[in-house]
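Let us walk through this structure step by step. Keep the sequence and the 3D view side by side as you read.

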Amino acid sequence: MVFADLFFLFVFLPLCLLCYYMAKSIRTKNIILILFSLLFYAWGEKLWFLLPLSALFNWAVGLWIGKTRHTSAGKLAVAVGLIGDIGLLLVFKYTDFFIGNFNGLFGTHVPLPHVHLPIGISFFTFQAISYVLDCYWETVEVQKKFPKFLLYLSLFPQLIAGPIVRYSVVEKEIDKRSVSASDIAEGIQRVIIGLAKKAIVANSLYAIVTEMLGEKGEFIASQSFLGTWFGIILYALYVYYDFSAYSDMAIGMGRMFGFHFNENFDHPFVCTTIAEFWQRWHISLGSFFRDYLLYVKIFGKNRIYLSLFLVWFCTGMWHGAAWNFILWGLFYGCFMLFEQKMGRKRMKKWPTLIKHIYTKLVIIIGFGIFMFVSMKDLGIFFRNISGVSMALGKTGFADRQGWSFFVRNIFLIVAAIACSLPLLPKLKKTVLQSRSDAVYTVGRIAAVVGCLVLLVVSVIFLIDNTNNPFLYFRF
Amino acid sequence: MDYEYDMDAPQELTRAEVQKRRFEKKRRNLNEKLSGLSVLVFALAFAVIIFFLLFFPRPTETKLENRKLAEWPKFSLKALFTGKYTGGIKEHYNDTAPYRDDLKGVGDEIRARFGFTSKHTVKFSNGVRKVTEYQEESRTPKATSMPGAAGRRMTEATERGEEANQKDFRGIDADGAWNNGQLTVYQDGHYRCMELFGGGVGSSYAEALNYLHGVLGNTVTIYSMPCPLACEFYLPKNYADCAANQSDCFDKTAEKLDDGIVSINVCPVLAKHTEENIYSRTDHHWQSLGAYYACRTFAETAGVPFADLSKYEKGSWSGYVGTMYAFSRDANLKNDPEEFVYYKPTCDYESYYYDQQFNYSYNDDLFWDNIEDSSSYYLTYIHGDSNVVKTVTNVRNGRRLLVVKDSYGNAQIPFYSSSFEQIIVVDMRYFERNLITLIETMDITDVLFTCSSFSVVGGNADNLMNLMTQDAYSDLVDNAPTASSTND
């Protein structure tokens, strides 16, 4: 099941909320959430049993760690937990990748098993890993009750596309939480905004991107210099809206159940350094690798460069079982290293315009690497954006189709860029902090009316769409 | 005097702090009230939508997309545990939203007004990308040979060939826009949406026709008359590189045909009538008039009589918005409907409809008049593509025509009612019996292959060979009420 879906929004979620709010005790509420979460996961998924099995495994590892924490058995428990979780991910997500590369390297013809990728495996596996390590480092108390741990791992708002919620964030709220009218109102508004981001903006951007560049970038060869830049900028916006939409809906739904998840996107395109970009983009993943991988001693020592390489290699590989994703991760790793060497103080002295040009160029080119899974198409992409294709006469500076898309979608593009900036949050803050009750009230009413309009338009756009899963669904 | 400082005594607040606390309390109360109201409003909105989706009637098919909608899945334990059953329920719920097609139209209007491209992508076998490779052109069409009295027929075609071409839209720039790979252009005050031909040569098509010719020899005359798409005549100059030349494709395909097969290229003929209503603006088909000119050319080539247009009863339906709206979802087309014009023969004929196994189904007119959905007016011709149709006329010339077609052939059939004793029509995609058996059983004298450019170069042509070889050992019986396959 996905969130931008009529069935989820108008059957599953209302039923879940109804049962949840009717329950009196926190215990009953938790049971309802567990049942609905497992139902959510199992709906349309044939390997649904992996989630409860993974929960059981990691819960047991947690108990084991709790009893043996400061001994070598504790270390063994961690190793077993990590091997189990990472192994699960490797088998289901990377088997074809490894076999394909093995065949390519050694000229063999081992058939690809095409293992079915269970939805959300990258997310709940990482959550499990964070729990195991947090238990070992005593950042959290070991959860002795399996249903509570299962609730943490399976909670459906963040189950299949993040954010990667740490156990410490929800530890207390599992046992004690309350939901006020304000929480529900904020939650619903967040859900509607996320839905509109997906159904209206992301899907519309995707339509243009696929028309211009193809679903997998297969049309890149026929794109002009400007057309390529335009297409990739739209693709970057599409990825942002698609992924942040899901996070918005997850956070909004969590709020409606009394959980307060951390933000996962913080207007990443306003960054002035690449380091800042990764502090604003997919925050939960970046912080996961920072906290659990970056400072891990390798062969007994802190090895900065190797750690950086590992972090960005894993970041890339987490996003997809293909070389372009690894290249994408390492691409960012290079710029992180560059900025580290340059030093924060020196970079602060750069003119703001230069910083923005630098970061936007890196981000846009990065998304080009992200998009083109085929190395051949990736090569053509680089040729196009650098102007080499134009110099070789293979393509022109601009083309009519690209111009037509730009003109016909100018409002969408302007709105997409404007809404990716923190303008609306600033406006919201101004209204909420206004000492005038009239301004505050009008602002709140306007927000409700705006959300209702977005809801209706989103539903109409969704009806137009039978199946359009979120981008990060494949992870 | 000494004073002792009492930590437990209430601290006196400053006036500012008191005001701040009062404001915060007041704001909290206002927040709770507004939040409560917001929750009520949102709950009501959701309740209305839930009620609408749950209790309003759900459609079973979509005319806009021309398909059946997802049905409620069949239950089985296997389907349940593999997720297929639950996935099917979701798909059914999402796919069969009440007033689906109407709401899609509203979505298109919103997109058009606020500058959004429609999200649908419809793929065609020949693609709609800019033509980057161009098939080697053949500027000199291969001379076609034809049996019988060739001279007079060719002369007549030549005389008509001296008619001047009408407006060459291909030489003029026009405003245009892309929607889902379809190009909508604005010409002469109206919007026209076109599929774009990506190029190719009908190798499979030629192979199948050559095979048939090899089997039948000179007992039957085989004709090839591919039908050009509208973009051959209406693609503006500024989009010239977005589609391949179909006339060249037809000539190149003709070169691959055996000498005994008669090849007819109607592109030069239609080029003389571009200002007339020969192609639909909002549908991927041609109009009846375009088919008329093609049929006339075929009849002249085949040496059969052909009734002038004035002998037909002209009819029209207004408000026609055809398939190109469904493909492109361009609201400009929806808001610029056209006339659907048809020409009914005034001569006598009887038409018999069969299923694809050639079992007789019913007897009815060539035209289906009671079409409620204006986007489906093209179905009026021979009731669409789902039947094999036999038409028995009052022509007595010993000529029996088999038409092997795609939907472009449908509009042609009424025009042959003055030319052949019998016309049998099979669809190249759906016919399930053996074509050679059909030809032999029904005493066919002429076989016309007529289909759109896409079918010539695309997947439909691959099925032609199947028609020649499938079901080769079964007898074919015509069980229509006429009983006999000969005219009395």
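**A helix with a buried face**

Start near the end of chain B, with helix H15, residues 459-469. Its buried residues are B:Ala461, B:Leu464 and B:Leu467. Look down the axis of H15(B): these buried residues fall within an arc of 85°, so they line one face of the helix. The spacing fits a simple rule. An α-helix has 3.6 residues a turn, so residues three or four places apart point the same way.

Now turn to the other side of H15(B). There, B:Gly459 and B:Thr469 are exposed. What do the buried residues of H15(B) pack against? Their partners are three helices of chain B: H6 (203-216), H13 (435-441) and H14 (453-457). Just after H15(B) comes B:Asp471, with a positive phi of about 50°. Bear in mind that this is a predicted model.

**Chain B as a whole**

Step back to the full chain. Chain B holds 15 helices and 15 strands. It has 488 residues, and 43% of them are buried. Take the contacts in chain B between residues at least 6 apart in sequence: 76% of these join residues at least 24 apart.

The domain assignment splits out two parts of chain B. Domain 1 covers 61-98, and domain 2 covers 150-469. How many Å separate their centres? Taken over C-alpha atoms, the figure is 36 Å.

**Where chain B touches chain A**

Next, find the contact between the chains. Chain B brings 45 residues to it, and chain A brings 50. On the side of chain B, four elements each supply at least two residues: helix H1 (15-55), helix H3 (84-95), helix H4 (100-114) and strand E3 (175-179). Which of them gives the most? H1(B) does, with 15 residues. Sorted by class, the side of chain B that touches chain A has 19 nonpolar, 18 polar and 8 charged residues.

**A helix in chain A**

Finish in chain A, at helix H12, residues 304-319. This helix has 16 residues. From its first C-alpha to its last, H12(A) reaches 23 Å, close to the 22 Å expected at 1.5 Å a residue.

Which residues of H12(A) are buried? They are A:Val311, A:Trp312, A:Thr315, A:Gly316, A:Met317, A:Trp318 and A:His319. Their cover includes three helices of chain A: H5 (121-136), H11 (283-294) and H13 (323-342).

Conventions. Residues are numbered from 1 along each chain as its sequence is written. Chains are lettered from A and ligands numbered from 1 in the order in which they are written. This is a predicted model: local features need pLDDT of at least 70, side-chain atom pairs count only at pLDDT 80 or more; totals for chains, interfaces and linings use all residues. A residue is buried if 20 or more other C-beta atoms lie within 10 Å of its own, exposed if 12 or fewer, and partly exposed in between; C-beta atoms are placed from the backbone. The arc is that of the directions from the helix axis to the C-beta atoms. Two residues are in contact if their C-beta atoms, placed from the backbone, lie within 7 Å. Domain bounds come from an automatic or database domain assignment. Ala, Val, Leu, Ile, Met, Phe, Trp, Tyr, Cys and Pro count as nonpolar, Asp, Glu, Lys and Arg as charged, and the others, Gly among them, as polar. The expected span of a helix is 1.5 Å times one less than its number of residues.
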